[in-house]
Amino acid sequence: MEKWEHLRIPLADIVHATNGFQKEIGRGGYGSVYEGELDFNGKLTKIAVKKLNETHGQGLKEFLTEIDLLSGQQHENIITLIGYCDEGKEMIIVYEHAEHGSLDRYIRCSNTTGYTLTWLERLRIVVGAARGLDHLHNHLHNNQVIIHRDIKSSNILLDQSWVAKISDLGLSKSTFSGFGRTTVVSHACGTSGYVEPEYIHYGLVSRKSDVYSFGMVLFEVLCGRLCTIRGNDGILLLADVAKEHFRDNKLDMLIDSSLRKQMSQHVLGRYSTIAYKCLLGRNDRPSIVNVKKELEETLNLEVSTIY
């Protein structure tokens with residue numbers, strides 16, 4: 001842990017910053033996340049504190065992975081690591097606070113947040129997420145590649161300005177580009193509904209595995225549905241369902257009507273084609289570079305039609 005010593009935060013400081021872990025703002029397989037304020041570089045900074053609990057399924061390995069992979073990242077669309085604590089039995093990671101929480105809370109138009117994302121806001125969010133994923137896949141030092149392995153709407157956080165931030169790298173795998181090393185042998189992990197079928201079947205994960213998962217997020221954003229919750233019409237947004245409706249030109253059956261009214265037919269066609277291609281077989285699936293480029297062009301097209 002010596003190489004991360006500059007990131008170590010005393011437990012007493014974290015307890016003080018969170019008022020004794022008083023305000024819980026999230027919970028998952030790792031444990032709980034709390035809100036707080038910490039004096040960081042001489043400035044009072046709002047923070048999110050992830051307090052790991054090994055009994056919930058994630059432990060030391062994921063804790064160390066996340067610190068290792070996030071400690072060197074500085075990108076607008078990657079969550080910023082502020083520090084960590086490993087005193088006694090505590091394993092705590094401290095991040096910048098994403099004011100609006102995770103994207104999954106806003107996917108459905110009738111959600112509990114009281115705020116509905118417009119189609120234009122949704123486009124900007126997925127473009128930002130694509131840029132963050134592209135950074136992990138293609139723009140790290142020394143040809144390093146980070147395969148996230150758990151891309152889903154709940155791992156895309158939104159800051160005060162609704163800028164997307166890729167988060168939760170605890171399950172990520174690090175490899176290097178070139179020399180055939182961008183495919184990694186590992187036990188399949190991730191979240192049901194988002195995990196690439198090839199990864200499940202063969203235990204080989206690659207950057208294209210993240211692209212598949214991102215494709216599911218793209219369809220969630222498009223349709224106003226989560227792939228983990230059955231809609232009021234009884235339809236569950238599985239990959240095969242999304243692809244079938246795309247091929248049969250029946251996506252209007254899946255898209256929330258209030259969202260559909262905001263889309264031109266041309267923008268819908270471009271966006272849905274990108275999402276569909278992400279769910280093709282690994283050999284036919286585009287790279288995140290191409291996905292990002294297509295999404296950026298689609299966003300520009302949408303903006304030009306509005307303004």
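**Notebook: helix α8, pocket, cavity and selected residues**

Entry 1, helix α8. I began with the burial pattern of α8 and found Val267, Leu268, Tyr271, Ser272, Ile274, Ala275, Tyr276 and Cys278 buried. The model I examined is a predicted one. I then asked which elements the buried residues of α8 pack against. They pack against α3 (119-138), α5 (207-223), α6 (239-247), α7 (257-260) and α9 (288-306).

I also checked the length of α8, which holds 14 residues, 265-278. At 1.5 Å a residue the helix should span 20 Å, and I found its end C-alpha atoms 20 Å apart, so the expected and modelled spans agree.

Entry 2, histidine 266. I located histidine 266 in helix α8. Is histidine 266 buried or exposed? Its relative accessibility is 51%, and because the cut-off for exposed is over 50%, histidine 266 counts as exposed. I next looked up its separation from glutamate 302: the two residues are 36 apart along the chain, and their C-alpha atoms are separated by 9.2 Å.

Entry 3, lysine 243. I turned to α6, one of the elements against which the buried residues of α8 pack, and placed lysine 243 in that helix. I recorded a relative accessible area of 17% for lysine 243; this residue is buried because the value falls under 20%. Leaving aside residues up to four places away in sequence, lysine 243 touches Tyr276 and Leu279. Tyr276 is among the buried residues of α8.

Entry 4, the largest pocket. I noted about 690 Å³ of space in the largest pocket. The elements that give two or more residues to its lining are β1 (24-28), β2 (31-40), β3 (43-52), β5 (92-96) and β6 (101-102). Which of the elements gives the most to the lining? I found that β1 does, with four residues. The lining holds 33 residues, and Gly26, Tyr30, Val33, Ser154 and Leu157 lie nearest the centre of the pocket. By class, I recorded ten nonpolar, 13 polar and ten charged residues in this lining.

Entry 5, lysine 51. I consulted the UniProt record, an unreviewed entry, which lists Lys51 under "binding site". In the model, I placed lysine 51 in strand β3. With a relative accessible area of 22%, lysine 51 is partly exposed. I then looked up its contacts, not counting residues up to four places away in sequence: lysine 51 touches Phe21, Tyr30, Gly31, Ser32, Tyr34, Glu90, Met91 and Ile92. Tyr30 is also one of the residues nearest the centre of the largest pocket.

Entry 6, the largest cavity. How many cavities of 30 Å³ or more does a search of the whole structure find? I found one. The largest cavity has a volume of about 40 Å³. I listed its lining as Arg149, Asp150, Cys189, Tyr194, Val195, Glu196, Tyr199, Val205, Ser209, Asp210 and Ser213. Helix α5 supplies the largest share of that lining, three residues. I recorded the classes of the lining residues as five nonpolar, two polar and four charged.

Entry 7, phenylalanine 176. I located phenylalanine 176 in strand β10, residues 173-176. Phenylalanine 176 is partly exposed, at a relative accessible area of 37%. I last looked up its distance to asparagine 143: the pair is 33 residues apart in sequence and 5.4 Å apart in space, C-alpha to C-alpha.

Note on methods: Residues numbered from 1 in each chain as written. Predicted model: local features only at pLDDT ≥ 70, side-chain atom pairs only at ≥ 80, totals over all residues. Heavy atoms only, no water. 1 Å grid on protein atoms, 1.4 Å probe; cavity = no way out; pocket = protein on both sides within 12 Å on 5 of 7 lines; lining within 4 Å. Points joined across faces, edges and corners; volume = space filled by probe spheres on them. Nonpolar A, V, L, I, M, F, W, Y, C, P; charged D, E, K, R; others polar. Expected span 1.5 Å × (residues − 1). Buried < 20%, exposed > 50% of the residue type's maximum accessible area, 1.4 Å probe, protein only. Contact = heavy atoms within 4.5 Å. UniProt positions renumbered as here; feature names shortened; annotations may be inferred.
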